[in-house]
Amino acid sequence: MGYTLSQDFAIYREFVANGGPLPASLAVRAAQAEHDAAIADALRIFLKTVQRPLVGIIGGHGLPRNHAAYKAIAYLARDLAREQFLLVTGGGPGVMEAAHLGVAFSSSKDTGPLDEAIGVISAVPTAPSLDELFEKDWTIKKDKLDAIAQAREWLKVALEARAKAPAILPVSLAIPTWLYGAEPTMPFATHYAKYFQNSLREEALINNSRAGIIYGRGGGGTMREIFQDVERNYYVKKLDELTR
């Protein structure tokens with residue numbers, strides 16, 4: 001059962017049981033709000049401590065690992081990390097994973113280790129669909145067990161690629177959410193700020209990416225984030241407000 005036995009997945013199961021994005025009670029809503037507020041404050045302290053220009057890389061979950069765009073994102077992220085930018089993503093698979101993979105190998109002098117890691121991780125190019133996992137008693141549906149096994153293989157090759165990177169990874173930041181908590185957490189970031197409420201997570205991504213945002217292939221979520229970014233820029237009165 002692999003990652004389904006992890007604490008992270010246990011929190012996801014409880015999140016879904018408690019109503020998912022629409023908490024079932026005031027007590028649940030208050031507890032999640034307290035957690036997310038603490039994450040936001042920890043994130044503020046972290047960014048103040050690191051003091052590096054933050055670049056967001058935003059895009060879809062579905063970009064296959066063996067796609068040319070995946071490799072392009074990894075190379076771009078590697079180059080930005082070498083220029084001392086701090087990279088942040090939504091912490092999921094696809095475009096997001098590619099960015100952190102690139103950062104993980106940014107201290108290598110040549111492209112060989114990153115190319116080798118992409119070759120390893122491409123053996124399982126896509127994550128399976130993990131929607132509607134649970135029975136009414138919150139056990140996993142039997143017809144989803146094959147998908148769980150595929151997810152384990154998806155994560156396994158990521159860990160194999162991670163093992164080829166330096167033991168101490170270059171710093172990168174992931175801001176995931178339990179709204180997509182069925183997905184195994186990609187293992188290439190050094191810091192994770194995980195939220196219950198996706199809207200707060202997206203706000204953190206957009207508002208903190210003061211040095212710029214790069215958009216990769218995506219769907220509706222990526223389009224929404226583009227418009228959030230446009231809105232923020234629209235209401236800026238002075239240029240220096242974008243970089244404070």
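**Exercise 1. In what order do the elements of the protein run from the N terminus on?**

Before we start, a word on the model: it is predicted, so local features need pLDDT of at least 70 and side-chain atom pairs count only at pLDDT 80 or more, while totals for chains, interfaces and linings use all residues. Residues are numbered from 1 along each chain as its sequence is written, and side-chain values use heavy atoms, with hydrogens and water left out.

Step 1. Find the elements: helices (H or I, at least four residues) and strands (E, at least two) are DSSP runs, numbered from the N terminus.

Step 2. Walk along the chain, and you get α-α-β-α-β-α-α-α-β-β-α-β-α. That makes eight helices and five strands.

Step 3. Check the overall packing. The radius of gyration, taken over C-alpha atoms, is compared with a globule rule of 2.2 Å times the number of residues to the power 0.38. The protein comes out at 18 Å, close to the 18 Å that the rule gives for 244 residues, so it is as compact as a globular protein of that length. Its C-alpha trace spans about 50 × 45 × 30 Å along the principal axes.

**Exercise 2. What percentage of the 244 residues is buried?**

Step 1. Set the cut-offs: buried means under 20% relative accessible area, exposed over 50%, and partly exposed in between (1.4 Å probe, protein chains only).

Step 2. Count them up: buried residues make up 45% of the 244.

Step 3. Now look at contacts, meaning heavy atoms within 4.5 Å. Of those between residues at least 6 apart in sequence, 71% join residues at least 24 apart.

**Exercise 3. Work out which rings link into a cluster with Phe 9.**

Step 1. Pick the rule. Rings of Phe, Tyr and Trp (its six-membered ring) pair if their centres lie within 6.5 Å; planes under 30 degrees apart are stacked, over 60 edge-to-face, and the rest tilted. The protein has seven aromatic pairs by this rule.

Step 2. Take Phe 9 and Tyr 12: their ring centres are 5.8 Å apart with planes at 55°, so this pair is tilted. Both sit in helix H1 (residues 7-17), three residues apart, about one turn of the helix. An α-helix has 3.6 residues a turn, so residues three or four places apart point the same way. Phe 9 is buried at 1% relative accessible area, and Tyr 12 is buried too, at 10%.

Step 3. Next come Phe 134 and Trp 138, an edge-to-face pair with 5.8 Å centre to centre and 65° between the planes. Phe 134 is buried at 11%, whereas Trp 138 is partly exposed at 31%.

Step 4. Put it together: ring pairs link Phe 9, Tyr 12, Phe 134 and Trp 138 into a cluster.

**Exercise 4. Identify what the buried residues of H7 pack against.**

Step 1. List the buried residues of helix H7 (residues 198-208): Asn 198, Arg 201, Glu 202, Ala 204, Leu 205 and Ile 206.

Step 2. Trace their partners, which include helix H2 (26-50), strand S1 (54-58), strand S5 (213-215) and helix H8 (220-234).

**Exercise 5. Is Gln 51 buried or exposed?**

Step 1. Place Gln 51: it is in the loop between H2 and S1.

Step 2. Read its accessibility: at 67% relative accessible area, Gln 51 is exposed.

Step 3. Check the backbone. Most residues other than glycine have a negative phi. Gln 51 has a positive phi of about 50° although it is not a glycine.
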